[in-house]
Amino acid sequence: MRYAAYVRISSDEQVGNYSIDAQKRAIETWVLAQQGLLTKIYVDEAKSATTVNRPAFKEMRLDAKNRQFDALVVHKFDRFARNRTDALAIKSLLRHDYGIKVFSVSEPSEDSDGPMGALIEGVMESVADWYSRNLAAETSKGKKEKTLQGYHNNRAPFGMMKGKQKQLVPHPEELKALKLAFETYAKGNCSDWDIAKMLNKMGYRSKTKRPFSKETVRSMLKNQTYIGKVKYQKTTYHSDGRRAKKSKVEWFDGKHEPVINPDLFEQVQQARKQRQVNRKSPKNARFYLLRGLVFCYECASNPPEIDTKIEFGKMSGQAHKNRNAVYYRCRSKELGYTCSQKPPNAIKLEQEVVHILKHLKPPAQWRKKVEQAMSELIGQQDIEKRIAEIKKIIERMDTRWDHGFVTDEQEFMIQRMNLQMELEQLKPVPDDSLDRAAELLQNFESNWNNLKDKPEIQAELVRSIVKRVYVYEKGVYALTLHSDCHLVLGHKLKEPTKFLVDPFVYRGGIDGDRTRDLRLDRPAC
């Protein structure tokens with residue numbers, strides 16, 4: 001039986017039986033005792049059980065769906081989740097939908113001990129759920145009590161720092177800039193972005209060491225901590241584990257001295273109200289087909305070292321206030337960075353992407369090409385031949401095992417596991433995923449035309465193929481496709497998928513300029 005293992009530690013479980021190494025050793029010993037093959041170990045370090053949004057956990061689920069292993073082993077069932085509902089859903093999905101057995105090294109289970117194991121497993125789920133809820137309640141109680149006593153719970157805001165007994169005190173260098181920001185904004189002729197540019201030009205950086213953005217300034221100018229208050233907000237979470245910020249914010253008198261005069265603070269709040277505009281989108285607001293997909297090539301390929309967010313360089317759709325023009329604008333400037341990318345016209349950019357997608361067709365015998373590409377990737381000329389060879393070797397090894405000819409059990413297990421892992425890597429991508437990708441690409445134009453009056457569904461059609469649109473100058477530089485589409489179109493998995501798109505199709509077709517080349521010959525990769 002092919003076993004996989006899932007191990008996890010949260011930030012406060014670095015020692016004892018919950019350490020990564022301890023869990024691995026226990027699982028390896030257990031699998032060896034079962035005479036099974038441990039094919040893969042999925043590891044999530046410093047990840048909370050309150051969320052299922054964990055990298056290794058998601059990878060494990062995908063591999064389970066594709067039947068990459070027969071059983072999953074954990075040290076304890078609370079490694080899945082401490083929320084009883086989540087734990088039950090996860091195990092039910094593995095067992096009943098994917099046909100995967102689930103075992104615990106240190107606890108009885110439904111798959112190892114039958115009905116009695118299922119009963120004990122349910123009890124342990126309830127215990128883990130109680131532990132998680134009780135810990136959260138005690139932590140929340142402690143934070144609120146600390147706030148009621150006037151102590152600041154979080155990181156010191158810009159202009160302040162933690163002094164003795166972790167009380168807030170003025171920051172000798174930042175306080176001058178903080179006061180200047182409040183005084184300048186109170187005059188009523190500056191925006192958040194104006195204040196951010198002023199602070200950045202003076203060489204100041206936020207507490208996260210990043211340049212000031214308009215969002216950072218907005219939060220700063222509304223922060224009552226500067227007038228001697230401390231904040232408490234109960235921590236709640238969405239169903240996917242993300243922190244929710246819907247709980248009521250409560251302000252209490254703090255032990256620290258104010259660093260901003262309350263009258264000046266109130267002047268700033270009044271200035272904010274005067275600048276506030278109705279942000280509701282009008283009924284005739286334009287729909288942006290590529291919303292969330294467009295990235296500035298200059299910024300995305302050269303992110304600042306301190307800003308490691310994968311969303312850096314994203315461009316948002318905007319309309320010009322004084323003239324009838326829509327475009328996509330790089331948000332790097334809002335974050336306090338420089339960018340030379342000029343906003344491309346939204347209509348032309350969307351037409352260009354649709355034109356490219358209409359010309360991306362699966363090559364003849366694409367499935368055979370996928371198999372050839374995988375063969376090249378592993379250095380084998382005939383993938384089916386290698387699969388057959390491995391199966392024969394495994395069969396001979398199992399025969400030796402069954403007849404008692406194996407003298408070194410540990411060496412046998414290692415060789416058998418390595419062969420099994422190679423066999424799994426040689427298996428082709430699931431056919432249904434590739435067939436769907438091929439259908440999307442082959443019939444994109446007809447599907448697009450059939451959805452002419454349904455822009456939201458057209459956007460979903462584009463998203464089913466495209467992950468990112470990179471813009472350089474005023475046109476498309478490249479596209480990042482979903483992996484199944486990439487496989488269907490590609491010839492070599494180690495290289496980008498490159499297709500030259502006819503550069504003459506749109507000459508004079510969009511803006512009447514017969515000399516302009518919209519760079520549709522750039523690669524879609």
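Which residues of H1 are buried? Keep that one in mind, and I'll get to it once we've had a look around.

Okay, so what we have up here is a predicted model. The protein has 525 residues, and 39% of them are buried. It holds 17 helices and 15 strands. If you take the contacts with a separation of 6 or more, 63% of them are between residues 24 or more positions apart.

Let's begin near the start of the chain, with a sheet. Four strands make up this open sheet, in the order E2-E1-E3-E4, and the pairing is parallel. Why is one side of E2 and of E4 left without a neighbour in the sheet? Strand E2, residues 37–44, and strand E4, residues 101–104, stand at the edges with a single partner strand each, so there is no neighbour on one side of either. Going from one strand to the next, the twist averages 25°.

Now look at E1 and E3. Strand E1 covers residues 2–8 and strand E3 covers residues 71–74; they run parallel, with three bridges joining them. If you want a spot to click on, Tyr3 stands opposite Ala71 in E3.

Next, the helices that go with this sheet. Helix H1, residues 20–33, packs on the sheet and touches E1, E2, E3 and E4. The direction of H1 makes about 160° with that of E1. Helix H2, residues 55–65, packs on the sheet too, touching E1, E2 and E3, and its direction makes about 145° with that of E2.

Back to my opening question, then. The buried residues of H1 are Ile20, Ala22, Gln23, Ile27, Trp30 and Val31. They sit on the same side of H1, because the arc they cover around the axis is only 165°. Here's the background for that: an α-helix has 3.6 residues a turn, so residues three or four places apart point the same way. And what covers those buried residues of H1? The cover includes E1, E2, E3 and E4. Flip to the other side of H1 and you find Arg25, Thr29 and Ala33, which are exposed.

Quick check on the length of H1. With 14 residues at 1.5 Å a residue, H1 should span 20 Å, and its end C-alpha atoms are 20 Å apart, so that agrees. Just after H1 comes Gln35, which takes a positive phi of about 60°.

Helix H2 gets the same treatment. Its buried residues are Ala56, Phe57, Met60, Asp63 and Ala64. Their arc around the axis is only 125°, which puts them on the same side of H2. On the face turned away from that buried side, H2 carries the exposed residues Leu62 and Lys65. After H2 you get Arg67, with a positive phi near 55°.

While we're on H2, let me zoom in on Glu59, which lies in that helix. Its relative accessibility is 36%, so Glu59 counts as partly exposed. Leaving out residues up to four places away in sequence, Glu59 touches Lys40 and Tyr42. Glu59 and Tyr42 are 17 residues apart in sequence, and from C-alpha to C-alpha they are 7.9 Å apart in space.

Okay, on to the cores. How many residues are in the largest nonpolar core? There are 45, and the ones with the most contacts inside it are Leu290, Leu357, Val462, Ile465 and Leu479. Helix H10, residues 346–359, supplies the largest share of this core, six residues. Take Val462: not counting residues up to four places away in sequence, Val462 touches Leu289, Leu290, Leu293, Leu357, Phe444 and Trp448. Apart from that core lies another one, of 27 residues, including Phe158, Met160, Met220 and Ile260.

Two last stops. Strand E13, residues 326–330, is mostly covered, with four of its five residues buried. E13 pairs with strand E12, residues 315–319, in the antiparallel sense over five bridges. In that pair, Ser316 stands opposite Arg329 in E13.

And finally Asn200, which is found in helix H6, residues 192–201. Is Asn200 buried or exposed? At 15% relative accessibility, Asn200 counts as buried, since the cut-off for that is under 20%. Setting aside neighbours within four places in sequence, Asn200 is in contact with Arg205, Pro211, Phe212 and Gly336.

That's my tour, so over to you.

Methods:
Residues are numbered from 1 along each chain as its sequence is written. This is a predicted model: local features need pLDDT of at least 70, side-chain atom pairs count only at pLDDT 80 or more; totals for chains, interfaces and linings use all residues. Side-chain values use heavy atoms; hydrogens and water are left out. Two strands pair if DSSP finds at least two bridges between them. Helices (H or I, at least four residues) and strands (E, at least two) are DSSP runs, numbered from the N terminus. Axes are lines fitted to C-alpha atoms, for helices over the stretch in contact, and angles run from 0 to 180 degrees between N-to-C directions. Contact means heavy atoms within 4.5 Å. The expected span of a helix is 1.5 Å times one less than its number of residues. Buried means under 20% relative accessible area, exposed over 50%, partly exposed in between (1.4 Å probe, protein chains only). The arc is that of the directions from the helix axis to the C-beta atoms. A nonpolar core is a set of buried Ala, Val, Leu, Ile, Met, Phe, Trp, Tyr and Cys residues joined through side-chain atoms within 4.5 Å.
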